[in-house]
Amino acid sequence: MKRLWAWAALIIGLIYFILPLVGMTNFSLKMRRGEYSFDAYAKVFADSRFHETFGYSVWMALLTIVFGVFLVVPTAYWVRLKLPYLRPYIEFVTLLPLVIPAIVIVFGYIRLYNTSSWLPLTGSYVGTDVLLVFGYATLSLPYMYRAVDTGLRTIDVTTLTEAAQSLGAGWATIIGRVILPNVTVAVMSGAFVTFAIVMGEFTMAALLNKPAFGPYMQLLGANRAYEPAALAVIAFGITWACLGLMQLVSRLQKTPQRPV
Amino acid sequence: MSTETATKANSAAPPGRFARFPMHWLGVVPFAAFVLLFLILPTMKIVIGAFQTADGGFTLSNVAGLFTPSILAAYWISIKISFMSAILGCLIGFAMAAAVVLGGLPRSIRDPLLTFSGVASNFAGVPLAFAFLATLGPVGLVNLFLRSEFGVDLRMLGFNILSFWGLTVTYLFFQIPLMVLIITPALDGLKKEWREAAAILGATNGQYWRMVGFPILLPSLLGTLALLFANAFGAVATAIALTGSSLNIVPILLYAQIRGDVLGDPHLGYALAFGMIVVTGCANAIYIWLRARSERWLK
């Protein structure tokens, strides 16, 4: 009886989740009247705007990941090594982007860094790119920091640092060649989530007027019928790939390691 | 006496510590600077701006400006959608997690469900709206099926995707998985011994749940509810892609305000954003408080 209820709950839930996925896939294949075809996908892939915005977002995602790693790894390492009493506060700060809606943060950027301010980032094309990367880095901070911090927990930071120091390594060498290789898996799982977030992000890019993938999808959705469904399938594929890869690498981490 | 010595020892320590102090703190300066410039200050700018006149004086008129019928209606419908999607997300997510953890289903279902939940909770925004339009929209899968098989139309049944319920059903797609991800560890934390202890004392299954299991889980449940609420309240992209600007909810209003489409008064925009921070801030404060309470049991 209990098992019956359990199956019922699970199956009803799964129907809810599978239906939209079937719906969008089905719809994306129906562009040609009366038969299934990949016309909608062909239309999307032939659109130069698709290539531009997709490429732009991939670039932004990569820049965000690189910046995030440079920001988070040394900080998390340093906090673990020297300032452990700061950890709760840092963790709280990194969780703030989940509390403050992205639209509020980007509104603050627009007001704080406008052309008449002390740091007129929104005044130039490159400036808004920088601002967007910083915005994305802020949005991904909760995931990136948590991933790296968890990764650092599995290694003995103090011993590794002392060993490296006694061999004459400076801080840059310690972080770049000792700590980073030890938390690669954690960094990668943070990077995949960041990639998924940036590829689908709409609010920040739209309000900063950047030609990113999210605003392009929204624009196409307002003007076309079948192409948006194809885009949704593509976007779901990207999310699935990123999160799948993340699960894969974090499973690698779980395999027993040599005691450090 | 001993406390005095301790104080003395403490006050003796700082000079030595103080010399090393700045060097230690230099390590977190880049991070602190980044967070300050791109998270704290922008938010503070909004909060302060909500209480400023155009020439910088203090005023409450911006916040008072929120209390007009149309803006209050926007907040009200936003809160209703967020609350409804959070409640339903909690209930359905709990049912699914409980089915897998406690319902005696094969263990091989568990990992795929959690993986899928990770993906689905991140599948929000514009593409999610497209998926639901293609499914529940006027020419969507479900509607076509109902029309050809039963001759009924979702709109005839009173359902419109561009509405309160349309948005709620769509939000559930990322709310339910989030609930599953958060509540599964909590369900795992229910110790077998508690159930056995209850059984030895003669409790029925119902009594165990009513007097042991449920009270222990309650803080996690309520806490997750608050988190889901904030999650839905701040969602912009899904709402805009789904409804354009036809539904009067706060994120859409603020978006239009920033784009310069409607209100035309930047300080009212600050006040709108400030209102959002207050609502999500309260929800998350509840979440943090209840989470701290629930962690006492689930160690």
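**Exercise 1. Two helices that cross**

Helices H5(A) and H2(B) are roughly perpendicular to each other; show how their packing angle leads to that description, and then find out which residues meet. Keep in mind as you work that this is a predicted model.

*Solution.*
- Step 1: Locate the two helices. H5 covers residues 102-112 of chain A, and H2 covers residues 29-49 of chain B.
- Step 2: Look at the geometry. The two pack at an angle of about 85°, and 8 Å separates their axes.
- Step 3: Apply the cut-off. Angles of 65 to 115 degrees count as roughly perpendicular, and therefore H5(A) and H2(B) earn that description.
- Step 4: List the partners. From H5(A) come A:Val104, A:Ile105, A:Phe107, A:Gly108, A:Tyr109, A:Arg111 and A:Leu112. They meet B:Leu39, B:Leu41, B:Pro42, B:Thr43, B:Lys45, B:Ile46 and B:Gly49 of H2(B).
- Step 5: Sort them by class. This contact of H5(A) with H2(B) has nine nonpolar, three polar and two charged residues.

**Exercise 2. The whole contact between the chains**

How many residues does each chain bring to the contact, and which helix of chain A gives the most to its side?

*Solution.*
- Step 1: Take each chain in turn. Chain A brings 62 residues and chain B brings 59 residues.
- Step 2: Find the main contributor on the side of chain A. Helix H1 (residues 2-28) of chain A gives the most there, with 17 residues.
- Step 3: Ask what kinds of residues make up that side of chain A. They divide into 45 nonpolar, 13 polar and four charged.

**Exercise 3. Comparing a record with the model**

Which spans does UniProt list as "transmembrane region", and how much helix does the model have over some of them?

*Solution.*
- Step 1: Read the record for chain A. The unreviewed UniProt entry lists several spans under "transmembrane region", including residues 7-29 and 89-110.
- Step 2: Look at these spans in the model. Residues 7-29 of chain A are 96% helix and 0% strand, with the end C-alpha atoms 32 Å apart. Residues 89-110 of chain A are 91% helix and 0% strand, and here the end C-alpha atoms are 27 Å apart.
- Step 3: Do likewise for chain B. Its unreviewed UniProt entry gives the feature at spans including residues 25-51 and 83-105. The model has 85% helix and 0% strand over residues 25-51 of chain B, whose end C-alpha atoms lie 34 Å apart. Over residues 83-105 of chain B the values are 83% helix and 0% strand, with 30 Å between the end C-alpha atoms.
- Step 4: Step back to the full chains. Chain A has twelve helices and zero strands, while chain B comes to 13 helices and zero strands.

**Exercise 4. A:Val79, buried or exposed?**

Decide whether A:Val79 is buried or exposed, and name what it touches.

*Solution.*
- Step 1: Place the residue. A:Val79 sits in helix H3 (residues 48-81) of chain A.
- Step 2: Count its surroundings. A residue is buried if 20 or more other C-beta atoms lie within 10 Å of its own. A:Val79 has 23 of them within 10 Å, so A:Val79 is buried.
- Step 3: Name the contacts. Not counting residues up to four places away in sequence, A:Val79 touches A:Pro84, A:Leu86, A:Arg87, A:Ile90 and B:Val28.
- Step 4: Try a distance. A:Val79 and A:Tyr56 are 23 residues apart in sequence, and their C-alpha atoms are 34 Å apart in space.

**Exercise 5. Buried places**

Which residues of the largest nonpolar core touch the most other members, and how many residues of helix H12(B) are buried?

*Solution.*
- Step 1: Start with the core. It has 164 residues, and A:Val148, A:Ala229 and B:Phe130 touch the most other members. Helix H6 (residues 125-153) of chain A gives the most to this core, with 14 residues.
- Step 2: Follow B:Phe130. Leaving aside neighbours within four places in sequence, its contacts include A:Met24, A:Pro228, A:Ala229 and B:Ala241.
- Step 3: Turn to helix H12 (residues 250-259) of chain B. Eight of its ten residues are buried, among them B:Val250, B:Leu253 and B:Tyr255. Just after H12(B), B:Gly260 takes a positive phi of about 80°.
- Step 4: Finish with the chains. Buried residues make up 47% of the 260 residues in chain A, and 40% of the 299 residues of chain B.

Technical notes. Residues numbered from 1 in each chain as written. Chains lettered and ligands numbered in written order. Predicted model: local features only at pLDDT ≥ 70, side-chain atom pairs only at ≥ 80, totals over all residues. UniProt positions renumbered as here; feature names shortened; annotations may be inferred. Helix = DSSP H or I, 4+ residues; strand = E, 2+ residues; numbered from the N terminus. Axes fitted to C-alpha atoms, helices over the stretch in contact; angles between N-to-C directions. Parallel < 35°, antiparallel > 145°, perpendicular 65-115°, else oblique. Contact = placed C-beta atoms within 7 Å. Nonpolar A, V, L, I, M, F, W, Y, C, P; charged D, E, K, R; others polar. Buried ≥ 20, exposed ≤ 12 C-beta atoms within 10 Å, placed from the backbone. Core = buried A, V, L, I, M, F, W, Y, C linked by C-beta atoms within 7 Å.
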